[in-house]
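Q: Hi! I'm new to reading protein models, and I'd like some help finding my way around this one. Could you walk me through it?

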Amino acid sequence: MKNYAYFDKGILYDVCPRKHPDSLCEDREIAYQADFFVCDGKTFNLRSEKDIAALPVVAVPLLGNVTFNISYIMKIRCGGVDDKRLVPCFVEKTLDMMAAAGYWGWGDYLQVIRNYYRVGLNEQGNIFEAKYRREHLMSFTYSGDDEAEGEHLCTKYYFENQNRKFEEYKALKTAFPDLVPDTPRGYYQIRTRKTKRFLQIQSQANDYGIEINCDKNVHFCEKEQKVVHILTQYSVPDSYGYRKLLSCRCLDCSEWCQGVNSQGLACCYFRSDNV
């Protein structure tokens, strides 16, 4: 059964199918997984690039429950898209809806842009992000939200490593179908524990020219065309156990890239107050 979310002037008023007929709030997750948006009576297929681009952008006032606003629902729906063909369409439309709403913060825009990196569209994501920052300068010059940039960069590197690990799994599964577990999750588990089976895979992988890098903190520097180590530093925990991110950087960045990539985006982060 397909999921539908119904909007009136940008406000969610119904979903289908319903699990809780008396509480739309409890059924919001159906909208988060919707296959179709029905906006003011017109149906849009969320698996169609053309339909996603045609979704109406409505300036919805911040009244009542923000979780019923289309920009909120679209932001969550965008985060669940795995089809690389659709991610650029979802990102652009979601950002347009958020801008029209007018109440989203700096970090929220970055979170949506990170969907490019989440699905492995690193080069395309860097190009889009650099262009978006240039064209929306005011959205990215709020100095009070310094932590958003640190979170953005760390999460980009996390996604990069997750995608690298998945590509590693696919290559190994092709080379050793009987030895490598049937699911990525199964492979990641033996990889983390460094089991006897994993060590056997690792030994044979070297003979096939497949590189297994178990270091979680690496980044491929496109300027130098090589993998570099990433150092992440945090503050001493406060009374609540919270640690501030102080820096996220390549140990060699000062020697060649000066902390920016080929698109002019920061590839290193240093907290402005450093406390």
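A: Happy to! One term before we start: helices and strands here are DSSP runs, with at least four residues for a helix and at least two for a strand, numbered from the N terminus. Also keep in mind that this is a predicted model.

Q: Okay, what does the secondary structure of the chain come to?

A: The protein chain has eleven helices and eight strands. Its C-alpha atoms fill a box of roughly 60 × 50 × 40 Å along the principal axes.

Q: And how much of the chain is buried?

A: Of its 275 residues, 45% are buried. Looking at contacts between residues at least 6 apart in sequence, 52% join residues at least 24 apart.

Q: Let's pick a helix. Why is α4 said to be largely enclosed?

A: Because eleven of its 15 residues are buried, α4 is largely enclosed by the rest of the structure. The buried ones include Val87, Pro88, Phe90, Leu95 and Met98.

Q: What do they pack against?

A: Five other helices: α2 (49-54), α3 (70-78), α5 (106-113), α6 (115-118) and α7 (122-135).

Q: What span should α4 have, and what does the model show?

A: At 1.5 Å a residue, the 15 residues of α4 (residues 87-101) should span 21 Å, and the end C-alpha atoms are 21 Å apart, so the two agree.

Q: What comes just after α4?

A: Glycine 102, which takes a positive phi of about 85 degrees.

Q: Switching topic: which residues touch the most other members of the largest nonpolar core?

A: Those are Leu12, Phe37, Leu55 and Leu95, out of 44 residues in that core. Helix α4 supplies the largest share of this core, with eight residues. There is another core apart from it, made of 13 residues, among them Phe176, Leu179, Tyr188 and Ala205.

Q: Back to leucine 55, what is it in contact with?

A: Setting aside neighbours within four places in sequence, leucine 55 is in contact with Phe37, Cys39, Phe44, Leu46, Met74, Lys93 and Met97. Two of those, Lys93 and Met97, are among the buried residues of α4.

Q: Nice link! Last thing: what volume does the largest pocket have?

A: About 310 Å³. It is lined by 17 residues, and the closest to its centre are Asn122, Asn126, His219, Phe220 and Glu222.

Q: Which elements supply that lining, and how do its residues divide?

A: Helices α7 and α8 (146-175) and strand β5 (218-221) each supply at least two residues. The lining divides into seven nonpolar, six polar and four charged residues.

Key: Residues numbered from 1 in each chain as written. Predicted model: local features only at pLDDT ≥ 70, side-chain atom pairs only at ≥ 80, totals over all residues. Heavy atoms only, no water. Expected span 1.5 Å × (residues − 1). Buried < 20%, exposed > 50% of the residue type's maximum accessible area, 1.4 Å probe, protein only. Contact = heavy atoms within 4.5 Å. Core = buried A, V, L, I, M, F, W, Y, C linked by side-chain atoms within 4.5 Å. 1 Å grid on protein atoms, 1.4 Å probe; cavity = no way out; pocket = protein on both sides within 12 Å on 5 of 7 lines; lining within 4 Å. Points joined across faces, edges and corners; volume = space filled by probe spheres on them. Nonpolar A, V, L, I, M, F, W, Y, C, P; charged D, E, K, R; others polar.
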